[in-house]
Amino acid sequence: MRLTRYFLPVLKETPAEAQIVSHRYMLRAGLIKQAAVGIYSWLPLGLKVLRNIERIVDEEQQKAGHIPLLMPTLQSADLWRESGRYEAYGEEMLRIKDRHGRDLLYGPTNEEMITDIFRSFVSSYRDLPKTLYHIQWKFRDEMRPRFGVMRGREFLMKDGYNFDVDRDAALEAYDRHMVSYLRTFERMGLKAIPMRADSGPIGGENTHEFLVLAETGESEVFYDSEILDLELSDRMVNYEDPDQLKEIVSEWTTPYARTDETHDPALFDKVPEERRRSSRGIEVGQIFYFGTKYSEALGATVTNADGQRVPVEMGSHGIGVSRLVGAIIEASHDEKGIIWPEGVTPFHVGIVNLRQGDAETDAACAGIYAGLRTLGLDPLYDDRNERAGAKFATMDLIGLPWRITVGPKGLKNGVVELVSRRTGESEELPPEQAVEKIARIYAYL
Ligand code: 5CA
């Protein structure tokens with residue numbers, strides 16, 4: 001993409017309404033525009049990041065053997081009356097009437113609808129286990145929408161639902177989700193810690209929230225610093241192996257890590273003092289095991305191996321896809337702007353032409369641009385007639401992890417400059433080598 005042809009409405013001023021850094025940078029870098037309170041349009045650059053996050057979530061779910069489908073945003077109130085949640089959900093639910101006076105609602109989550117789909121088609125344990133998920137917009141009429149996409153009213157969520165014949169199988173699905181979430185967040189360059197939490201309106205006995213540590217997070221968290229050292233990295237995960245999943249889950253759930261809702265000071269005191277940490281965190285995902293809560297209410301039963309009809313065992317598992325855009329910025333920025341992790345960056349690399357209109361620099365930039373595209377990379381070429389300082393400021397603000405700077409001086413020596421946004425380190429190298437290096441960096445992502 002050439003910047004002169006793109007749609008990147010960068011703001012010079014810091015918007016007064018934005019209280020936290022991610023919200024400020026999302027507005028300033030032209031990622032989103034508020035459409036109504038807690039409701040946002042995703043501008044081109046923001047949409048690219050959102051789609052990248054969505055793709056990672058999708059890929060990791062499919063690796064875990066989970067099956068994508070798509071349910072609508074609008075749901076019939078009748079299903080929710082069956083589960084008893086139509087009234088119970090309260091003011092957070094946006095209720096709508098159609099022209100015939102029928103009650104609809106904009107889905108805040110999908111336990112009822114997925115259970116209805118399940119009961120319509122599945123009746124034998126032989127068809128289990130199954131985990132179905134979708135990535136779809138939700139609406140919750142939050143009391144205090146704030147911090148931009150972090151606590152929106154309309155937001156994009158991945159929500160998945162497991163169906164199993166018994167408790168043990170459902171707990172295995174719980175473990176599988178925990179591991180797939182660890183991988184998902186790691187691929188986005190995030191450290192998200194699973195913490196024992198409270199189940200709220202979803203219900204259930206077993207639930208973990210995944211928290212990204214950040215001062216601006218809405219949750220208060222308490223943890224053993226040892227948990228920060230854990231990493232899956234390139235460990236091979238076999239989702240068919242329940243023992244391996246259990247081992248990984250136990251590794252991550254043994255060190256103390258709880259939100260304020262479940263915090264137990266007596267237990268926390270047993271952690272060596274120098275490892276006790278308390279801070280704030282952003283909840284980017286949550287997994288629940290709730291057994292037969294919805295299957296009993298909605299009559300979703302299967303015959304088990306003994307020929308008896310039993311309510312199917314379930315859990316639900318969510319990732320805040322749109323919230324993640326804000327969470328990643330909270331975790332990765334500096335005073336100049338965003339610093340995207342390579343896994344989610346909207347463009348792989350920025351090309352800055354220091355002397356637009358100069359035949360030689362223009363040609364060199366065009367060559368680098370074409371070279372990157374040939375290798376399947378997606379560069380953003382700043383081809384505006386602007387001062388170098390203004391171009392650097394834009395690149396720093398929008399946070400592309402790599403920048404190639406092309407100027408007449410360097411070209412005389414046959415080199416361009418390759419700069420890391422994160423470390424600020426730069427090196428001079430011939431244009432072809434800069435292209436190759438970028439290709440290598442992204443080869444395994
Ligand atoms: N049905 C379950 C799991 S599928 C569920 O709804 N879980 S949830 O309520 O915890 O939501 C899942 C994730 O969506 C949360 O972890 C959070 O990251 C995100 N989320 C929830 N509310 C909002 C909101 N108002 N704005 C942005 N993201 C939100």
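A residue counts as exposed when its relative accessible area is over 50%. Arg387, at 61%, is therefore exposed. The model described here is predicted. This briefing covers its largest pocket, its one cavity of 30 Å³ or more, the packing of α2 with α6, and some single residues.

**Largest pocket**

- The volume of the largest pocket is about 920 Å³.
- Its lining is made up of 44 residues.
- Nearest the pocket centre lie Arg140, Arg151, Glu283, Gln286 and Arg323.
- Two or more lining residues come from each of β8 (154-164), β13 (276-291), β16 (313-320) and α10 (321-331).
- Strand β13 gives the largest share of this lining, with seven residues.
- By class, the pocket lining holds 15 nonpolar, 16 polar and 13 charged residues.

**Cavity**

- Rolling a probe the size of a water molecule over the atoms shows where empty space is left.
- There is one cavity of 30 Å³ or more in the structure.
- The largest cavity encloses about 40 Å³ of space.
- Tyr40, Trp42, Trp137, Val149, Glu154, Phe155 and Ser322 line the largest cavity.
- At least two of these lining residues come from β2 (39-42), and at least two from β8.
- The lining of the largest cavity divides into five nonpolar residues, one polar and one charged.

**Packing of α2 with α6**

- Two packed helices are described by the angle between their axes and the distance between the axes.
- Helix α2 spans residues 44-63 and helix α6 spans residues 167-187.
- Their packing angle is about 145°, and their axes lie 9 Å apart.
- The two helices, α2 and α6, cross in a right-handed sense.
- On the α2 side, the contact involves Arg55, Ile56, Val57, Glu59, Glu60, Gln61 and Lys63.
- On the α6 side, the residues are His177, Ser180, Tyr181, Arg183, Thr184 and Arg187.
- This contact of α2 with α6 has three nonpolar, four polar and six charged residues.

**Backbone geometry**

- Most residues other than glycine have a negative phi, and most peptide bonds are trans.
- The peptide bond between Leu128 and Pro129 is cis, with omega about -5°.
- Pro129 sits in the loop that runs between α5 (111-121) and β7 (130-139).
- Phe147 is not a glycine, yet its phi is positive, at about 60°.
- The loop between β7 and β8 holds Phe147.
- Is Phe147 buried or exposed? Its relative accessibility is 12%, under the 20% limit, so Phe147 counts as buried.
- Ser233 is not a glycine either, and its phi is positive, at about 50°.
- Ser233 belongs to the loop between β11 (219-224) and α7 (242-253).

**Residues in helices and strands**

- Ala35 is part of strand β1 (residues 32-36).
- With a relative accessibility of 54%, over the 50% limit, Ala35 counts as exposed.
- Beyond its neighbours within four places in sequence, Ala35 is in contact with Tyr40 and Ser41.
- From Ala35 to Glu91 the C-alpha distance is 21 Å, across 56 residues of sequence.
- Ala359 belongs to helix α11 (residues 359-374).
- The relative accessible area of Ala359 is 62%, so this residue is exposed.
- Between Ala359 and Pro408, 49 residues apart along the chain, the C-alpha separation is 9.8 Å.
- Arg119 is in helix α5.
- Arg119 has a relative accessible area of 27%, between the 20% and 50% limits, so it is partly exposed.
- Which residues does Arg119 contact, leaving aside its neighbours within four places in sequence? They are Leu79, Glu82, Leu298, Gly299 and Ala300.
- Arg119 and Thr262 are 143 residues apart along the chain, and their C-alpha atoms are separated by 34 Å.

**Arg387**

- Arg387 occupies the loop between β20 (379-382) and α12 (388-398).
- Its 61% relative accessible area makes Arg387 exposed.
- The C-alpha atoms of Arg387 and Ala443 are separated by 33 Å, with their places 56 residues apart along the chain.

Terms used: Residues are numbered from 1 along each chain as its sequence is written. This is a predicted model: local features need pLDDT of at least 70, side-chain atom pairs count only at pLDDT 80 or more; totals for chains, interfaces and linings use all residues. Side-chain values use heavy atoms; hydrogens and water are left out. On a 1 Å grid over the protein atoms alone, a cavity is a set of points where a 1.4 Å probe fits but cannot get out, and a pocket is an open set with protein on both sides within 12 Å along at least five of seven lines; lining residues have an atom within 4 Å of a point. Grid points are joined across faces, edges and corners, and a volume is the space filled by probe spheres set on the points. Helices (H or I, at least four residues) and strands (E, at least two) are DSSP runs, numbered from the N terminus. Ala, Val, Leu, Ile, Met, Phe, Trp, Tyr, Cys and Pro count as nonpolar, Asp, Glu, Lys and Arg as charged, and the others, Gly among them, as polar. Axes are lines fitted to C-alpha atoms, for helices over the stretch in contact, and angles run from 0 to 180 degrees between N-to-C directions. A crossing is left-handed if the near helix is turned anticlockwise from the far one by less than a right angle, and right-handed if clockwise. Contact means heavy atoms within 4.5 Å. Buried means under 20% relative accessible area, exposed over 50%, partly exposed in between (1.4 Å probe, protein chains only).
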